[in-house]
Amino acid sequence: MSYRKSDAVAPEELRDKITEYADFLEKRLYPELKLAVERREETEFEISEYEQLRLSLTELMDVDRPQEPLESVVDLGQGAAYCRAIVPVDQTKTVFVDIGIGFHAELSLSEAIEFIDKRVEFLTKTRLQQRLDKAKAVADDVKAAMAILDEIQKETGDR
């Protein structure tokens, strides 16, 4: 975006544009980028928790494993409080799995693993990809706004 001499813009107008773009970056794009990155990280964390649960359930189903009690962390309510729990092996026939939007379902170990596989596939292929795309789009907008701001500042310096 370079100006020809015939396109002369008053220095006052350029300063106003610089302020406008700087405000847009600070008040709109940077917070939007931060939110997009946080949402992406939340989805990555959710995927990692499901994968850890799959690993634990697979170990429980292993008939060759020692018959030791299962140690786990239990959510006591809406993610506000957790406690450690020791579950006797004979009580690990079913588990409650977070199936989304605040609902939990009691599933057999094999059903839980099957659900987890489908949930991880959905999260990875759909939600994570959407959030990666959103974060990239916002980052591209930030770069474009910064380039415009730099160009305007160069014009101000050339005068």
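**Salt bridges, nonpolar cores and surface of the chain**

Glutamate 44 is classed as partly exposed because its relative accessibility is 35%, where buried denotes a relative accessible area under 20%, exposed one over 50%, and partly exposed the range in between (1.4 Å probe, protein chains only). The coordinates are those of a predicted model, in which local features need pLDDT of at least 70 and side-chain atom pairs count only at pLDDT 80 or more, whereas totals for chains, interfaces and linings use all residues. Residues are numbered from 1 along each chain as its sequence is written, and side-chain values use heavy atoms, with hydrogens and water left out.

The secondary structure of the protein chain comprises two helices and four strands, taken as DSSP runs numbered from the N terminus (helices: H or I, at least four residues; strands: E, at least two). Read from the N terminus, these elements follow the order α-β-β-β-β-α. Of the 159 residues in the protein chain, 23% count as buried. Among the contacts in the protein chain with a separation of 6 or more, 58% join residues that are 24 or more positions apart, a contact being a case of heavy atoms within 4.5 Å.

The structure holds 12 salt bridges, each defined as a side-chain nitrogen of Lys or Arg within 4 Å of a carboxyl oxygen of Asp or Glu. In one of them, arginine 40 is paired with glutamate 44, with 3.4 Å between the closest N and O atoms; because these two residues are four residues apart in helix α1, about one helical turn separates them. Another joins glutamate 32 to arginine 28, where the closest N and O atoms are 3.3 Å apart. Both glutamate 32 and arginine 28 belong to helix α1 (residues 11–61), and a spacing of four residues again corresponds to about one turn of the helix. Arginine 28 is counted as partly exposed because its relative accessibility is 49%.

A salt bridge between the two helices is formed by the side chains of aspartate 117 and arginine 54, at 2.6 Å from N to O. Since aspartate 117 lies in helix α2 (residues 109–158) and arginine 54 in helix α1, the pair ties together parts that are 63 residues apart in sequence. Aspartate 117 is partly exposed, with a relative accessible area of 36%, and arginine 54, at 24% relative accessibility, is likewise partly exposed. Salt bridges with shared partners also join Arg28, Glu32 and Lys134 into one network.

A further charged residue, arginine 119, is located in helix α2 and is buried, as its relative accessible area is 13%. When neighbours within four places in sequence are left aside, arginine 119 is in contact with Glu46, Tyr50, Ile99, Gly100 and Arg127.

The largest nonpolar core contains 15 residues, of which Tyr50, Leu57, Val95, Val97 and Ala112 have the most contacts inside it; a nonpolar core is a set of buried Ala, Val, Leu, Ile, Met, Phe, Trp, Tyr and Cys residues joined through side-chain atoms within 4.5 Å. At least two residues of this core are supplied by each of α1, β3, β4 and α2, and the largest share, seven residues, comes from α2. Beyond its neighbours within four places in sequence, leucine 57 is in contact with Val95, Leu109, Ala112, Ile113 and Ile116. Another core, of eight residues, lies apart from the largest one and includes Ile18, Leu25, Leu29 and Ala145.

The count of aromatic pairs comes to one, under the rule that rings of Phe, Tyr and Trp (its six-membered ring) pair if their centres lie within 6.5 Å, with planes under 30 degrees apart classed as stacked, over 60 as edge-to-face and the rest as tilted. This pair, formed by tyrosine 50 and phenylalanine 115, is edge-to-face, at 6.4 Å centre to centre and 70° between the planes. Tyrosine 50 in helix α1 and phenylalanine 115 in helix α2 are 65 residues apart, and the pair thus links distant parts of the chain. Tyrosine 50 is buried at 6% relative accessibility, whereas phenylalanine 115 is partly exposed, with a relative accessible area of 21%.

At the surface, the protein chain exposes about 11,400 Å², of which carbon and sulfur atoms supply 54%, with accessible areas obtained by the Shrake-Rupley method with a 1.4 Å probe and, for residues, only the protein chains shown counting as cover. Ile99, Ile101 and Phe103 make a nonpolar surface patch of about 350 Å²; patches consist of residues with over 30% relative accessible area and no salt bridge, like charges being joined within 9 Å and nonpolar side chains (Val, Leu, Ile, Met, Phe, Trp, Tyr) within 5 Å. Isoleucine 101 is placed in the loop between β3 (94–100) and β4 (103–108), and isoleucine 101 counts as exposed because its relative accessibility is 80%.
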